[in-house]
Amino acid sequence: MATPELLQLLELLVLLFFCVLCALLRLLGFQLWLQTMPLVNPRIVVSSTIGVGIQLALTILAWGDWSTFFAHPARTWLVIGSFLLLIAAWFTGTSGVSGGIAHSAASKTILYGFGIVILAQVVVPPFCDRREIWVIDGDPVRYFGLILFFAGSMLRLAAAFALGRRFSGLVAIQSDHQLKTDGLYRYIRHPSYTGLLAAMIGYVLIFRSAIGLLLSVLLFLLLVNRMNDEEKFLETHFGDEYRNYRLRTRRLVPFVY
């Protein structure tokens, strides 16, 4: 059962979530974006909702029991936070998995790899958590994972807001595509991948999973492959503009990598 102290901590986390989200939207020029906010695409709403629903359903099924899954606040807020993030994502104006006017054929294959690894990350950790298989002991691990999940998800969401329709599941060039080099992209070239990696590491830590951390290594290697393909593709399209951009930025972490 959750203690009053844990419930207070979770209330603070939710408040922090909204404060950080508001700050990110402010930094991204939310007022300007609001004036030109794209219509919500029903196809994106339906597909993203189904995707998040399947992900959470598989997580709960892997755990094995509905009632005990929600007995811990960290797991409860994983579900609540996922749906809050989903609702915000409806308004990003992304292209979904659009191939645009040109796209990298290799990005489709890499996308399948992402699907397999992320499927393993949402199934294996909850299964092992309930059965105490290769788990890292202690509730602080769960709450650190929850914070990391929120932080990484918000960073990825902020990147989607920044790119709008240029944001796609495929490595693609959309119509009237311009290179983004300011805001989140001023210091790192792939903030959405940084967010994805952080969010999935947080996801597996909510279930204290050492196996999940090993799967995160595979996710990182896939991301490296994806970044190699994406940067080669963008350099072909944008030429010196992208080459110069690469020289003054890092991939995932400012001043590090």
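Which pattern of helices and strands does the protein follow when read along the sequence?

## Overall architecture

In this predicted model, the protein reads α-α-α-α-α-β-α-α-β-α-α-α along the sequence, a pattern made up of 10 helices and two strands. Among contacts between residues at least 6 apart in sequence, 84% join residues that lie at least 24 apart.

The protein has 257 residues, of which 46% count as buried. Its accessible surface comes to about 13200 Å², and carbon and sulfur atoms account for 68% of that area.

## A nonpolar patch and helix α3

On the surface, V46, I50, I54, L58, L61 and L119 form a nonpolar patch, and together these residues have about 550 Å² of accessible area. Helix α3, which covers residues 42–63, supplies the largest share of the nonpolar patch, namely five residues.

One of the patch residues, L58, is found in helix α3. Its relative accessibility is 30%, and because the partly exposed class lies between under 20% (buried) and over 50% (exposed), L58 counts as partly exposed.

## Helix α7 and the residue that follows

Helix α7 runs over residues 139–163 and thus contains 25 residues, which at 1.5 Å a residue should span 36 Å; the C-alpha atoms at its ends are 36 Å apart, so the expected span and the modelled one agree. Just after α7, G164 takes a positive phi of about 60°.

## The surroundings of Y257

Y257 has its place in the segment after α10, the helix that covers residues 240–247. With a relative accessible area of 34%, Y257 is partly exposed, because this value falls between the limit of under 20% for buried residues and that of over 50% for exposed ones.

When its neighbours within four places in sequence are left aside, Y257 is in contact with F220, V224, M227, R250, R251 and L252. Among these residues, R251 also takes part in a polar contact, in which its side chain meets the side chain of Y257 at 3.0 Å. As for residues farther back along the chain, the C-alpha atoms of Y257 and I188 are separated by 8.6 Å, although the two residues are 69 residues apart along the chain.

Terms used:
Residues are numbered from 1 along each chain as its sequence is written. This is a predicted model: local features need pLDDT of at least 70, side-chain atom pairs count only at pLDDT 80 or more; totals for chains, interfaces and linings use all residues. Side-chain values use heavy atoms; hydrogens and water are left out. Patches are made of residues with over 30% relative accessible area and no salt bridge: like charges are joined within 9 Å, nonpolar side chains (Val, Leu, Ile, Met, Phe, Trp, Tyr) within 5 Å. Accessible areas come from the Shrake-Rupley method with a 1.4 Å probe; for residues, only the protein chains shown count as cover. A salt bridge is a side-chain nitrogen of Lys or Arg within 4 Å of a carboxyl oxygen of Asp or Glu. Helices (H or I, at least four residues) and strands (E, at least two) are DSSP runs, numbered from the N terminus. Buried means under 20% relative accessible area, exposed over 50%, partly exposed in between (1.4 Å probe, protein chains only). Contact means heavy atoms within 4.5 Å. A polar contact is a pair of N or O atoms within 3.5 Å; within protein, one must be able to donate a hydrogen and the other to accept it, and residues adjacent in sequence count only if both atoms are side-chain atoms. The expected span of a helix is 1.5 Å times one less than its number of residues.
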